[in-house]
Amino acid sequence: MEIRIDNLTKKFGDVVGVEDLTLHIEDGEFVAFLGPSGCGKTTTLLTLAGIYKPTDGLIRFGDRVVNTVQPKDRNIGMVFQSYALYPHMTIFQNIAYPLKLKKAPKNVQNEQVRQVANVMGIGELLDRRPGQLSGGQQQRVALGRALVKEPDVLLFDEPLSNLDARLRLTMRGEIKHLQKNLGITSIYVTHDQVEAMTMADRIAVMNGGHLQAFDAPDELYDRPKTRFVAGFVGNPPMNFLDVEVSPANGQFLAQADSIELPLGVERGEASAGHRGTVVMGIRPEDIQIVDEGDVRGEIFVVEPLGREDLIDVRIGPHSFILLADTEKQHRAGELVSLNFDMTQAQFFDPQTERSLLWHQ
Amino acid sequence: MTAREPLFDSAKSKADETPPSFQADLIEGLRLGFISILIALAAAFFFSGIVHPLFALGSVEETVMDVLTRLCLLALPFIAYIASASVARRYTATNISRALGLALTCAVILFAAISAGHYALNYGVFAPRPSLQMTLSQTEAGVRVETIAAGGAADKAEMQVGDVITAIRRDAVDLEAFNKRLSQAEAGAPLRLRFTRGAEEMQETVRVALVSDKQLNLLLPGLLFGLVFTAIIVFLPGHWAPYIALVGLLSPLIVGYFWVIVATFSYRTEGLVPLDSNDNFGGFTLKNWESIFAGNIAGLEFNIWPILMTSLAIAVLMTFVVLLVSSMAGYALSRMHFPGRRFFLSFTLILHGFPAITLLIPIFFVLLRLGDLPVIGDMVGFNTIGGIALVMVAFQLPLGVWLMKGFFDNIPWDMERSALIDGASRFRTYWEILLPQIRPGLLALGIFAFIGGWNAYIIPATYSIGSGLSNLPVFLNELIDETAPVDWNQVAAVGLFQLIPIFIFFIFAQEYLLNIYAGGTKGSS
Amino acid sequence: MSEPVAKPKSSAALVQSRRNALRSYLGAYGFMAPAGVLVIIFFLIPVAIVLYLSVTNLASSNFTSDLAKMEFIGLKNYQTLLNDQFARKIFFNTIFYVLVTLSLFNVSLALIVSLLTTHIDRSAGFVFRALWILPRITSPVVYILIWKRMMAEAPFGILNQFNEFLGQPTYNYVATNPWVFVVVVNGFIGVSFGMIIFTSAIESIPKDLLNASLVDGSSRMQRIRYVILPLIRWPLLFVVTYQTLSLLTSFVEIQLLTDGGPGLYRTEVWSLTAYHRALSNYFGNAQWGYGSAFAVLLVMIGVVLAVIYMRVFRFDELVAEPRVEAL
């Protein structure tokens with residue numbers, strides 16, 4: 001089912017939930033809504049579900065305008081953060097509830113529930129109650145309940161945030177696999193950019209009720225169109241630095257206090273055209289500790305992540321986060337040289353926060 | 001690398017401190033003791049010096065403040081002992097002799113101070129007591145006057161040494177009875193004494209005087225009592241204290257209900273003692289209980305089972321309707337949009353504070369009219385169980401709606417959303433998804449409603465006059481009104497008969513009742 | 001920028017939306033209907049009737065159940081009431097009764113009992129609370145009988161039996177201290193409401209918080225003072241306000257206990273007066289109209305208190321908007 005959201009605005013009194021959102025989702029696509037809490041992603045999801053009434057704009061499922069269609073008539077399935085399993089019903093009754101409401105015959109209910117339960121791997125749990133299940137099992141039940149009525153659209157509201165890290169990894173794979181197999185158009189709300197990056201075909205990044213970017217994960221990572229997107233996508237987050245870009249020796253130079261970084265022509269021209277300082281962004285993996293480098297700094301904190309160390313290097317008043325091999329055994333207080341891979345640097349307008357490299 | 005530094009300069013190890021000296025502890029104990037004395041005195045003054053005169057201005061004739069004042073002054077030494085012993089209790093586990101020494105020293109000093117206060121203010125053991133200002137001794141002939149204080153009450157009444165008192169008014173007295181009579185007399189009360197002077201029978205009226213004799217020998221038992229009390233406090237395990245306090249506070253009820261139980265199994269009682277027809281201990285009987293089931297009490301014929309059923313019917317019907325109606329309204333107020341929602345919610349709260357009982361008279365008119373309606377009238381009109389139950393439902397509604405709204409508020413919105421997306425209507429969501437989840441709330445409200453319905457008296461009594469329709473409380477009142485003389489032990493048995501099921505019910509239901517705060521009153525916190 | 005997008009909201013959609021809203025409102029009113037009907041029949045209509053009765057001279061001598069035939073006498077009942085030499089005394093009696101019972105028992109003792117029962121073994125706490133609930137669930141007739149027996153004169157009274165046992169003089173407590181009697185008897189009933197609310201409030205305090213305060217080094221008394229009491233501020237306020245209104249309107253126990261005596265109105269309270277005047281043949285003639293005037297004044301006081309109490313409870317916070325909308 002294709003979903004077209006046009007100029008959607010949802011206000012609660014004077015409080016803006018989401019404003020002027022336009023988004024076209026292809027049939028069978030897996031789209032993630034990504035953003036910090038309060039960015040309007042859940043509001044959008046609940047408006048799609050028919051729980052909230054749009055203040056303005058149009059929502060189409062296929063050719064049908066669903067603005068005034070009741071939730072039950074939209075043929076959607078939804079998985080909630082809290083799972084929202086009915087605690088007084090058994091797992092079987094939980095999954096069968098949508099079918100019961102559709103007045104499906106008992107034997108059909110029976111058969112479909114068992115089928116879904118087997119797909120979800122919870123066939124043995126049907127007689128239990130939600131309270132007796134682990135978080136991961138509850139998650140599967142919730143997913144089963146959403147799937148059992150063969151919905152046109154699947155909505156996920158941060159479904160994995162209550163699971164422990166290991167389980168989250170497993171479920172991530174399972175949900176994605178399931179979605180691809182069934183080909184159901186899915187919208188997945190999350191504040192975890194790793195989830196969004198790994199699962200979604202396209203990601204809609206939202207902030208403050210506005211759509212920041214709607215693109216494939218690679219595109220968002222490599223060519224962020226706004227500073228917000230650049231900072232939100234990627235872990236550890238991108239380093240930002242106010243620099244002045246000026247031409248020098250046929251090349252360009254990005255300068256901030258004692259830091260001087262040489263810059264290629266293509267990026268240099270795009271950013272030097274802007275008068276005054278611009279915001280430079282550079283990802284932690286694009287900074288290396290080297291024996292001889294352009295810039296020297298002092299290590300402030302070392303956080304061992306296991307495979308690598310997360311290192312906070314201070315250069316004058318500026319702080320850079322970067323990743324280094326654990327075998328190097330860096331220590332706080334150590335003086336190091338840094339090499340910046342400026343071919344990957346991003347530049348943003350400090351006022352509009354839009355990228356100076358990738359225009360829409 | 002930086003050296004480890006303490007976060008705050010003032011942080012220092014507690015282990016370095018030496019325990020305070022005996023004197024320092026003594027001073028602290030006395031300080032606490034005197035502070036509590038001052039607090040008790042201030043409370044006493046507050047009751048008798050401020051509150052009492054204020055209400056006296058409004059011509060309220062009350063003695064509550066007087067009693068409270070006396071309680072404060074009575075408790076004053078004990079509070080002081082406890083407060084000062086709290087210092088000593090720190091050493092009970094480690095150094096018993098120090099703990100005891102400390103507490104007893106404090107107690108002696110506090111006792112001395114309190115006694116000095118009593119002496120100066122003519123209070124406590126030094127309080128003036130009724131006296132005729134003469135000394136007496138028991139002789140074979142009667143009570144002989146030994147000495148007479150000059151100018152005293154007896155002197156004024158011209159009593160003489162050597163008179164032998166035989167009676168006060170017409171009651172013959174010995175010395176013990178005389179003193180008891182005297183101790184109960186108020187100041188200025190006239191006592192007409194009959195006595196023999198020589199061979200002559202005479203009588204004189206002596207007016208009772210209040211005399212403070214300040215007998216210091218009365219202090220010793222007080223001091224001993226105080227010391228024993230203090231020692232007990234020092235050694236009392238701390239976790240006993242709440243139990244002792246609870247039993248103390250409950251003692252009137254424990255005694256009272258003990259009496260009811262004794263009374264229902266005996267012919268008659270004096271105080272807590274059951275007596276037989278010869279005023280000896282005994283006289284146990286089952287007749288009070290037997291006659292409930294036999295259906296005849298002092299000539300009043302009845303059948304207990306329909307009465308019991310009426311009680312049960314009112315309570316069950318009312319509980320059921322209260323739960324249904326309040327949960328429906330509570331659901332709408334908690335979960336639904338509609339014009340007037342704000343108004344309904346505030347109106348519920350106003351009803352909450354509505355003295356519904358003042359509407360007894362007009363509701364009588366309403367029920368009369370309802371009774372005239374076809375069909376409905378037979379169910380909910382005047383003199384019907386339905387009508388009575390509905391009135392009581394209405395009175396419980398404000399609390400019920402408010403509680404239910406609170407419980408619905410606590411259910412996550414995702415439950416409701418999930419049900420709506422699954423295809424449920426609002427009613428099915430309410431009935432199949434949300435109601436089962438507020439079971440604790442339903443139970444709590446149900447218990448309140450059931451207890452209310454079971455004990456309902458004023459409404460059934462008012463709206464079922466002369467219909468022969470009575471529940472247990474109404475029947476109990478009929479028993480009192482229509483039998484003469486009233487056999488109170490019989491009444492107590494019927495009352496206990498009514499109490500037992502609801503008490504058992506409550507014991508099992510209490511756990512659920514404690515959920516009430518979880519949803520009920522949390523809304524605004 | 002591009003040209004403004006034409007508002008795609010068709011009038012058909014608008015009509016559909018309105019229809020949906022209306023249907024959902026009707027649904028909500030459906031849910032409200034049973035409560036609404038009961039409130040109208042047993043609160044609103046009776047209030048109207050009691051207002052009407054208070055301006056008539058309806059009494060048992062000229063009783064009629066036909067509202068139209070009653071004799072209208074204007075505000076005469078209220079005039080009589082204001083000139084009633086005992087009204088002032090009854091008014092202050094009521095204030096005294098409510099304030100003293102509330103502060104000593106319904107709040108203080110209830111708080112003490114719930115603190116004590118939550119600081120002992122849990123099952124023991126349940127037993128003690130079950131005993132405290134006894135006065136509320138005992139039939140008033142029997143409950144009052146118990147207290148009358150407790151306070152009766154020798155040789156029947158339990159208290160006087162103790163006095164005799166201890167060699168103390170005996171008293172006629174009811175005659176000498178009727179107000180003590182009234183306050184204590186009602187107070188013991190009143191304890192249970194606050195006790196239940198406070199206990200459940202204390203039990204709903206997160207255990208972590210209670211343990212944290214002990215770890216931080218506070219004694220149990222300090223924990224009560226600095227953690228528990230501040231956290232149950234709202235239930236405290238709730239009990240104060242709710243019980244004020246309950247006490248204001250309760251009269252059955254006083255009626256059974258002293259019936260407003262001894263002497264002239266010594267323990268008479270306002271609601272009891274309304275009852276006496278209207279429903280009991282106090283002067284051989286039930287004055288329904290005059291009694292209604294008393295009732296109307298009590299209703300007014302109750303409503304005023306309820307409104308104040310809504311303000312105190314920050315009513316606005318109670319009406320958070322529902323988070324499911326009609327489409």
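**Exercise 1. The two domains of chain A**

What distance separates the centres of domain 1 of chain A and domain 2 of chain A, taken over C-alpha atoms? Then describe how the two domains meet.

Solution. The model used here is predicted.

Step 1: Start with the bounds. Domain 1 of chain A covers residues 3–232, and domain 2 covers residues 239–348.

Step 2: Take the centres. The C-alpha centres of domain 1 and domain 2 of chain A are 39 Å apart.

Step 3: Look at the contacts. On the domain 1 side of chain A eight residues take part, and they touch six residues of domain 2.

Step 4: Turn to the area. About 680 Å² is buried between domain 1 and domain 2 of chain A, with carbon and sulfur atoms giving 52% of it. Within domain 1 of chain A, the residues that lose the most area to domain 2 are Y221(A), R227(A) and A230(A), which together make up 71% of what that side buries.

Step 5: Check the pairs across the interface. Zero salt bridges are found between domain 1 and domain 2 of chain A, while three residue pairs are in polar contact, both residues being at pLDDT 80 or more.

Step 6: Place the contact side of domain 1 in the fold. Helices α7 (217–222) and α8 of chain A each supply at least two of its residues. By type, this side of domain 1 of chain A has four nonpolar, two polar and two charged residues.

**Exercise 2. Backbone details of chain A**

Find the hairpin formed by β1(A) and β2(A), and then locate a cis peptide bond and a non-glycine residue with positive phi.

Solution.

Step 1: Strand β1 of chain A spans residues 3–12 and strand β2 of chain A spans residues 15–25; they pair in the antiparallel sense over seven bridges. One of the residues to look for is I5(A), whose bridge partner in β2(A) is L23(A).

Step 2: Two residues lie between β1(A) and β2(A) in the hairpin, and G13(A) in the turn has a positive phi of about 60°.

Step 3: The cis peptide bond joins N235(A) and P236(A), with omega at about -5°. P236(A) sits in the loop that runs between α8 (227–232) and β11 (239–248) of chain A.

Step 4: A84(A) is not a glycine, yet its phi is positive, at about 50°. A84(A) belongs to the loop between β6 (76–79) and α2 (91–101) of chain A.

**Exercise 3. Chain B and chain C**

How many residues of chain B are in contact with chain C? Describe the interface, then give the domains of chain B.

Solution.

Step 1: Count the residues. Chain B has 121 residues in contact with 127 residues of chain C.

Step 2: Give the area. Chain B and chain C bury about 11100 Å² between them, and carbon and sulfur atoms account for 78% of that.

Step 3: List the pairs. There are two salt bridges between chain B and chain C. One of the salt bridges links K89(C) with E61(B), where the closest N and O atoms are 2.0 Å apart. Polar contacts between chain B and chain C number 10 residue pairs, both residues being at pLDDT 80 or more.

Step 4: Sort by type. The side of chain B that touches chain C has 84 nonpolar, 24 polar and 13 charged residues.

Step 5: Divide chain B. The assignment gives domain 1 (19–126), domain 2 (129–211) and domain 3 (304–524). Between domain 1 and domain 2 of chain B, the C-alpha centres lie 39 Å apart.

Key
Residues are numbered from 1 along each chain as its sequence is written. Chains are lettered from A and ligands numbered from 1 in the order in which they are written. This is a predicted model: local features need pLDDT of at least 70, side-chain atom pairs count only at pLDDT 80 or more; totals for chains, interfaces and linings use all residues. Side-chain values use heavy atoms; hydrogens and water are left out. Contact means heavy atoms within 4.5 Å. Buried area is the accessible area (1.4 Å probe) that two parts lose on being put together, summed over both. A salt bridge is a side-chain nitrogen of Lys or Arg within 4 Å of a carboxyl oxygen of Asp or Glu. A polar contact is a pair of N or O atoms within 3.5 Å; within protein, one must be able to donate a hydrogen and the other to accept it, and residues adjacent in sequence count only if both atoms are side-chain atoms. Ala, Val, Leu, Ile, Met, Phe, Trp, Tyr, Cys and Pro count as nonpolar, Asp, Glu, Lys and Arg as charged, and the others, Gly among them, as polar. Domain bounds come from an automatic or database domain assignment. Two strands pair if DSSP finds at least two bridges between them. Helices (H or I, at least four residues) and strands (E, at least two) are DSSP runs, numbered from the N terminus.
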